[in-house]
Amino acid sequence: MIQEITSTSNSKIKKLVALQQKSSERRESALFVVEGRRELKHCLDAGYSVEAFFVLDSAYESLSREFPQMASGKVFVLSRQVYEKIAYREGTEGIVAEVHAKALTLEQLRKEGSPLYVVLESVEKPGNLGAVLRSADAAGADGVIICDPLTDLYNPNLIRASIGAVFTVPCVACSSQEAIRFFKENSVSILTAQLQDSSLYYDCDMRKATAIVMGTESSGLTRIWREAADAHIRIPMLGQLDSLNVSVSAAILLFESVRQRNG
């Protein structure tokens, strides 16, 4: 079904803008917004279902060839004025989609052998979380677990910052207690990144089933994680500052695991 929209006051456009701007709207409707060709391809490849495509009129022909799913879905063709109303950023090649959310569970992350997980406790900034997801994808991590989240997984800033990695890496949001129980039940070694009472990260065995756990830059990890840890690890800091951005720390620790596992 193809429909033209030429007014920015159209109810479909208003709903789409609300989904972009309000986490409450995303939760209540179980829908979210994906903008851009690359991000949408990762989303579709991960098996997400699209409710509707919103396409710039001048880009419709090329996009219909690139996304054959449009042939059997709802498609709204927009004038440039309307498209600019919903475009979250410039250079998104004329396509935005309204997508049905998925809620993965910890059980769906269960894996035999030596899985590698990243855990982030109370990380608030979507940009940081998106960057961690990109590193997790590059390192072949088996899952990213967001504990006690302060941002939702379908925040447009997070999707943009992750360049679609939020779809390529399984992500679960849960409480810290649930995550710790899952790791203990599945014999996953919990490594907490912290300055106190810790060993250098490259002296720790990351070849077995491992969860690398990090907190916020301002307050670090809460006691529940420090007490549940099998080992405390730190990155050596040779300057005057005592912390790195959480996404940088995640990349360093993830690729140490890659180094150990691949010789």
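Strands β3 (residues 50–56) and β5 run antiparallel and are joined by five bridges. V50 is the residue that stands opposite V99 of β5. The model is a predicted one, and its protein has 11 helices and 12 strands. With a radius of gyration of 20 Å, close to the 18 Å that the globule rule gives for 263 residues, the protein is as compact as a globular protein of that length.

**Strand β5 and its partners**

- β5 covers residues 95–100.
- Besides β3, strand β2 (residues 31–35) also pairs with β5, in the antiparallel sense and over five bridges.
- Within the β2 pairing, L31 has H100 of β5 as its bridge partner.
- Five of the six residues of β5 are buried, so the strand is largely enclosed by the rest of the structure.
- Strands of a sheet pair through backbone hydrogen bonds, in either a parallel or an antiparallel sense.

**The seven-stranded sheet**

- Seven strands form an open sheet with parallel pairing, in the order β8-β7-β6-β11-β9-β12-β10.
- The edges of this sheet are β8 (171–174) and β10 (199–200), each of which pairs on one side only.
- Strand β7 (residues 143–147) is joined to β8 by four bridges, and the two run parallel.
- On its β6 side, β7 pairs in the parallel sense with residues 116–121 over five bridges.
- C147 takes part in both pairings of β7: C147 stands opposite C174 in β8, and C147 is the bridge partner of E121.
- β7 is mostly covered, with five of its five residues buried.
- From β7, G143, I145 and C147 point one way, whereas V144 and I146 point the other way; all of them are buried.

**Overall dimensions, surface and charge**

- The C-alpha trace spans about 60 × 40 × 35 Å along the principal axes of the protein.
- Of the 263 residues, 48% count as buried.
- Among contacts with a separation of 6 or more, 77% are between residues 24 or more positions apart.
- The accessible surface comes to about 12,800 Å², and carbon and sulfur atoms account for 46% of that area.
- There are 29 positive and 32 negative side chains in the protein, and the centres of these two sets lie 1 Å apart.

**R89, in the loop before β5**

- R89 is placed in the loop between α5 (80–86) and β5 (95–100).
- The relative accessibility of R89 is 24%, so this residue counts as partly exposed.
- Leaving aside residues up to four places away in sequence, R89 touches E35, G36, E39 and R160.
- One of these contacts, E35, lies at the end of the range 31–35 that makes up β2.
- R89 and V248 are 159 residues apart along the chain, and their C-alpha atoms are separated by 25 Å.

**S249, in helix α11**

- S249 is part of helix α11, which covers residues 246–262.
- The relative accessible area of S249 is 13%, and the residue is therefore buried, the cut-off being under 20%.
- Not counting residues up to four places away in sequence, S249 touches M214, I235 and L244.

**Positive phi values in two loops**

- Most residues other than glycine have a negative phi.
- A30 has a phi near 55°, a positive value in a residue other than glycine.
- A30 is in the loop between α2 (23–29) and β2.
- The relative accessible area of A30 is 37%, which makes this residue partly exposed.
- D197 likewise has a positive phi, near 50°, and is a residue other than glycine.
- D197 is in the loop between β9 (189–193) and β10, and β10 is one of the edge strands of the open sheet.
- The relative accessible area of D197 is 67%, so D197 is exposed.

Conventions. Residues are numbered from 1 along each chain as its sequence is written. This is a predicted model: local features need pLDDT of at least 70, side-chain atom pairs count only at pLDDT 80 or more; totals for chains, interfaces and linings use all residues. Side-chain values use heavy atoms; hydrogens and water are left out. The radius of gyration is taken over C-alpha atoms; the globule rule is 2.2 Å times the number of residues to the power 0.38. Buried means under 20% relative accessible area, exposed over 50%, partly exposed in between (1.4 Å probe, protein chains only). Contact means heavy atoms within 4.5 Å. Accessible areas come from the Shrake-Rupley method with a 1.4 Å probe; for residues, only the protein chains shown count as cover. Lys and Arg count as positive and Asp and Glu as negative; His and the chain ends are not counted. The place of a charge is taken as NZ of Lys, CZ of Arg, CG of Asp or CD of Glu. Two strands pair if DSSP finds at least two bridges between them.
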